[in-house]
Amino acid sequence: MERTPSPSPRIRVLYFVGSFEQGGAERQVAELVKNLPRDRFEAHLAVCNVRDDLGYALPFASRLDLRSPNGPDLRTFVRLARHVRALRPDIVHAWHDPQNGYARLAVRLAGSGAAIGSLRCTRL
């Protein structure tokens with residue numbers, strides 16, 4: 001009797017962004033999420049400011065409003081860390097600083113997954 005392979009589990013990715021206000025990095029996040037193969041990836045969102053200048057209706061499995069319109073702070077980090085612990089994503093993909101640092105700490109505290117940080121338009 002021949003066995004059919006079971007479908008591989010979807011990779012759960014939590015995107016951590018400041019907002020979807022007009023900008024190049026924000027557009028890159030939106031295009032990435034919009035075009036992910038949904039049979040292989042489960043996209044979730046944690047966002048500091050829910051303002052969306054780009055007008056995308058993105059297919060997130062869940063959305064967390066971190067209620068931090070002026071950018072991440074210590075309270076934002078605590079909310080993010082709790083969410084990462086509960087969601088247990090395979091990957092936390094953060095965009096810009098300080099989100100990158102917060103994502104790495106949250107993943108480490110949760111004890112699961114990996115953190116990826118992306119930087120755009122830096123003035124090094």
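In which loop is Arg67 found? In this predicted model, Arg67 is found in the loop between β3 and α2. Its phi is near 50 degrees, a positive value in a residue other than glycine. Most residues other than glycine have a negative phi, and most peptide bonds are trans. A second backbone feature concerns the peptide bond from Asp97 to Pro98, which is cis, with omega near 5 degrees. Pro98 belongs to the loop between β4 and α3.

**The sheet**

The strands form an open sheet of 5 members, ordered β3-β2-β1-β4-β5 and paired in parallel. The edges are occupied by β3 (62-65) and β5 (114-118); each has a single partner strand, so one side of each is left without a neighbour in the sheet. From one strand to the next, the twist averages 20 degrees. Strands of a sheet pair through backbone hydrogen bonds, either parallel or antiparallel. Strand β1 (residues 11-17) pairs with strand β4 (residues 91-95) in the parallel sense, over 4 bridges. Within this arrangement, Tyr15 has His93 of β4 as its bridge partner.

**Helices across the sheet**

Two helices are described here by the strands they lie across and by their angle to one of those strands.

| Helix | Strands it lies across | Angle to a strand |
|---|---|---|
| α1 (residues 24-35) | β1, β2 (41-47) and β4 | about 150 degrees to β4 |
| α2 | β1, β2, β3 and β4 | about 175 degrees to β1 |

**The contact of α2 with α3**

Helix α2 (residues 74-87) and helix α3 (residues 99-110) have axes that come within 9 Å and cross at roughly 45 degrees. That angle makes α2 oblique to α3. The crossing in which α2 passes α3 is right-handed. On the α2 side, the contact is made by Leu74, Phe77, Leu80, Ala81, Val84 and Arg85, while α3 contributes Tyr102, Ala103, Leu105, Ala106, Val107, Leu109 and Ala110. By class, the residues of the contact of α2 with α3 divide into 12 nonpolar, no polar and 1 charged.

**The aromatic pair**

The structure holds 1 aromatic pair. A pair of aromatic rings is described by the distance of the centres and the angle of the planes. For Phe77 and Tyr102, the ring centres are 5.6 Å apart and the planes stand at 55 degrees, so the pair is tilted. The pair links distant parts of the chain, with Phe77 in helix α2 and Tyr102 in helix α3, 25 residues apart. Both Phe77 and Tyr102 also appear among the residues that make the contact between α2 and α3.

Methods. Residues numbered from 1 in each chain as written. Predicted model: local features only at pLDDT ≥ 70, side-chain atom pairs only at ≥ 80, totals over all residues. Heavy atoms only, no water. Axes fitted to C-alpha atoms, helices over the stretch in contact; angles between N-to-C directions. Helix = DSSP H or I, 4+ residues; strand = E, 2+ residues; numbered from the N terminus. Parallel < 35°, antiparallel > 145°, perpendicular 65-115°, else oblique. Left-handed = near helix turned anticlockwise from the far one by under 90°. Contact = heavy atoms within 4.5 Å. Nonpolar A, V, L, I, M, F, W, Y, C, P; charged D, E, K, R; others polar. Pairing = 2+ DSSP bridges. Phe/Tyr/Trp six-rings, centres within 6.5 Å; stacked < 30°, edge-to-face > 60°.
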